[in-house]
Structures are given as structure tokens and as C-alpha cells.
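User: I am new to this structure. Please take a close look at one part, the place where two of its domains meet.

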Amino acid sequence: MPDLSSRQVSQLPPLQAIRVFEAVARHLSFTKAAEELAMTQAAVSYQIKVLEERVGAPLFLRRPRQIALTEAGQRLAPAVSEAFAILGQAYAAARGGADGVLCVTTVLTFASNWLAHHLGSFQIAHPSLAVRLETSSRLTDFAREDVDLAIRSGGGKWPGLEAYKLLDADFTPMLSPKLAASIGGVREPADLLRLPILDPGDIWWTQWFEAAGVHSHDLAKRPGSSMGAQAYEANAAIAGHGVAILTRALFKAELADGRLIQPFDLVGDDGHAYWLVYPEARRNVPKIRAFRDWLLAEIAC
């Protein structure tokens, strides 16, 4: 780690201004940054002005109802985010016991339908490292949350984060054999519209039916529950309450033992996948490397 001279330290801008800049750059909003930091919007604007005066250039383009980073702001933002990540890591280590705990935040369905079934092999290989799982679908703020790694679905491009593809988030209809038998079997895609559809407002349904050549314009108008997670919808489908649209890789066991059936080979794909992500600044942390290497090897099996 390079040593900072007293002159370099004296040239640093006020930490409060840097903290405010990081929040505004992350949200691209003075209002949201003020809410997060429990400050007034005027105070946020003042701190940005202080920093811009020290930098000698504007950091944000002020536009009606929105702001954007200038070229100078784009150069500064990643370095500031990385600095906060390093500071957070050092603070966690200073509190003690952090080396023995690995916090992984993941979406509910991946946690219950994949990770829970495989995590035991990681614990056997690393008995001194306790894994704490948290389930959430919101974006993770690594600079402010006590989280080591995240598993999320998306396109895989998140600034400042290293991302490793785990599984394709493809989708296809699934239902219980009993529900299919209730209409004499599901022989063509249009037959699904004769059955209750779970979460009919899900865009995956529209995309799948379009690919199947079936008009389903009134699908979103159907009454139906939005359960917020594939795991819940799969349980409802297994109980015979409707047809769910699910990711195949997360329901291999249910398909294998016949609790669910996949009536058609047609699979939708919007380009999204499940990814393992963590800050680039933490790529050499031993416990993160250990979990990454184990997870990628386990997925490849």
C-alpha cells in the first residue's frame, strides 16, 4: 500500500464532500442522496460545490429533472466507490471476527432451489468460514452494507463490480400433471390459456406466447396473484393452482420427480442470467476467492 505524504493528505478534499459526491453519483439524484444521508438538499448541493471548487471543474451536468456525471465526474466516481469499499473492508476487519464470516446476498429462488442444496460441500471444504445468507432482490450497496458477495439476475454489466455468469435465466411454462389432466392434457401452447395463469402480468408470459405464435393480448387483464418469486409460484403450481413460468435450471428436481411437467420444449430467453458479483477492489480477499472458485466449479458440474 502506498504511503501518503502529509502534503498529499492536506490536498485531499473534505471527507463529507466526498461522501456526498459518492451518494449523488450512485443515485444520480441530489434528492435521493439527501434522503440517504439525512441531509437537506441545499446541504448536499453545497458539499458538491465545495468539491467542484477543489477539483476545479464541474462534476455534474444539471438538466431539468435529471443530472448526469461530467467527464471529470466519471473519472472520479469509480475511484471514490472503490475507496469507500476498501474503507468498509478495513472497518469490518478492525471489528474482529469478520474473517470467519462470509455474507452472501442472493435472490430467494436461487437460494432455496440451488444454493441450499449445494452449500454443504462448501462448508465441508471451509469449516472455519461461517456463511450467512440473506435473500433480497434489490441492488446491493457494497460500500455501505456488510455484504461480501451478491447473486442477482440481470445483464451482467454493473460498473465497479466483477461479474461471473452462473445460470441462464431462461423461462418456460410448468404445471402439475393433475392440472394438465383436468383439461385432458396440454397438447398445444394455446391450451395453457384454458387454465389459471400464475402472475399473468409477468412479461415472460407475453414473450413466451409470442414466440409460440399464440395471441394472448388479454392475458394481463386476467385476475391473478403476483407472488414476487419463482419459488412461490412453483409451489403454487405444484399444488395445482395454476401454470407458472419458470427457469428450468432452478427446478430440475421438481421436473425429475414429476411434481412439475414442462409441456413444451420452447424456452424463452431475454438475455438475462444469474450472476455472482462483488466489488473489483475485493477480488483478492481470500474468503471471496474461495467462494467464487467453489461456486463456479459447482455450477459447472
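Analyst: **The interface of domain 1 and domain 2**

Across the interface of domain 1 and domain 2, 3 salt bridges are found. A salt bridge here is a side-chain nitrogen of Lys or Arg within 4 Å of a carboxyl oxygen of Asp or Glu. The model is predicted: local features need pLDDT of at least 70, side-chain atom pairs count only at pLDDT 80 or more, and totals for chains, interfaces and linings use all residues. Residues are numbered from 1 along each chain as its sequence is written, and side-chain values use heavy atoms, with hydrogens and water left out.

Take glutamate 22 and arginine 144. Their side chains meet in a salt bridge, at 3.0 Å from N to O. Glutamate 22 also meets arginine 26 in a salt bridge, at 2.9 Å from N to O. Arginine 26 and glutamate 22 are separated by about one helical turn, because they are 4 residues apart in helix 2. The structure as a whole holds 18 salt bridges.

Next, polar contacts. The interface of domain 1 and domain 2 has 3 residue pairs in polar contact, both residues at pLDDT 80 or more. A polar contact is a pair of N or O atoms within 3.5 Å; within protein, one must be able to donate a hydrogen and the other to accept it, and residues adjacent in sequence count only if both atoms are side-chain atoms.

Which elements build the domain 1 side? Helix 2 (15-27), helix 3 (30-37) and helix 5 (71-95) each give two or more residues to the side that touches domain 2. Helices are DSSP runs (H or I, at least four residues), numbered from the N terminus. Helix 5 gives the most, with 5 residues. By class, this side of domain 1 has 4 nonpolar, 1 polar and 5 charged residues. Ala, Val, Leu, Ile, Met, Phe, Trp, Tyr, Cys and Pro count as nonpolar, Asp, Glu, Lys and Arg as charged, and the others, Gly among them, as polar.

Now the wider view. Domain 1 spans 2-93, and domain 2 spans 99-167 + 270-298; such bounds come from an automatic or database domain assignment. Their centres, taken over C-alpha atoms, are 27 Å apart. In contact (heavy atoms within 4.5 Å) are 10 residues of domain 1 and 6 residues of domain 2. The buried area between them is about 720 Å², with 50% from carbon and sulfur atoms. Buried area is the accessible area (1.4 Å probe) that two parts lose on being put together, summed over both.
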